[in-house]
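Biologist: Could you take me through one part of this model up close, and say how it sits in the rest of the chain? I'd like the helix pair that runs in opposite directions, if you can explain how you know.

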Amino acid sequence: MKRSLVFGIAGALGMLFGLVFLILPKFGMGIYMVNLDEATTFVVRDYGFALLGLGVIGWMMRNADSLEDAVRAVVTGIFLFSILGLIVTIWTLVAVNVGIMHWVNLAIYLLLSICFGILLHKKAE
């Protein structure tokens with residue numbers, strides 16, 4: 001089996017399911033006959049952006065022919081993961097009464113977004 005096919009399928013499925021869980025969490029989990037409340041909806045969104053980030057990495061890796069291409073795929077996927085994590089965390093903080101750990105998550109996603117954003121726009125060394 002070709003590497004490009006495996007990465008392509010994994011990437012496409014990760015992005016598809018990631019988008020569904022991120023944008024339509026109640027529908028996505030409803031397929032599995034799981035009901036969500038307000039708090040667990042955000043947990044499913046967390047799962048969605050994680051899958052989406054992995055999906056982007058897989059999709060970009062399908063045509064990676066060099067170490068530089070592979071690193072770019074990983075940096076892009078983690079950057080997307082961090083940005084979406086930041087957005088979902090802010091959304092959670094605004095919409096749901098949550099504990100202090102969500103503020104820690106916010107700081108982590110903000111730091112990761114900045115670092116991987118810099119790496120994404122930096123020329124290869």
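Modeller: Sure, and keep in mind that this is a predicted model. The pair to look at is α4 and α5, and they are roughly antiparallel to each other because their axes cross at roughly 150°, and an angle over 145 degrees counts as roughly antiparallel. Helix α5 covers residues 101–121, and its axis comes within 8 Å of the axis of α4. As for the hand of it, the crossing of α4 and α5 is left-handed. The residues of that contact divide into 16 nonpolar, 9 polar and 1 charged.

Now for the surroundings. Helix α4 spans residues 67–95, and it is also among the elements that cover the buried residues of α1, along with α2 (25–30) and α3 (38–61). Those buried residues of α1 are G8, G11, G14, G18, F21 and L22. Helix α1 itself runs over residues 3–23, and its 21 residues reach 30 Å from first C-alpha to last, close to the 30 Å expected at 1.5 Å a residue.

Zooming out, the chain has 5 helices and 0 strands, so you read α-α-α-α-α along the sequence. Its C-alpha atoms fill a box of roughly 45 × 35 × 15 Å along the principal axes. Of the 125 residues in the chain, 36% are buried. And if you take the contacts with a separation of 6 or more, 65% of them involve residues 24 or more positions apart.

Methods:
Residues numbered from 1 in each chain as written. Predicted model: local features only at pLDDT ≥ 70, side-chain atom pairs only at ≥ 80, totals over all residues. Heavy atoms only, no water. Helix = DSSP H or I, 4+ residues; strand = E, 2+ residues; numbered from the N terminus. Expected span 1.5 Å × (residues − 1). Buried < 20%, exposed > 50% of the residue type's maximum accessible area, 1.4 Å probe, protein only. Contact = heavy atoms within 4.5 Å. Axes fitted to C-alpha atoms, helices over the stretch in contact; angles between N-to-C directions. Parallel < 35°, antiparallel > 145°, perpendicular 65-115°, else oblique. Left-handed = near helix turned anticlockwise from the far one by under 90°. Nonpolar A, V, L, I, M, F, W, Y, C, P; charged D, E, K, R; others polar.
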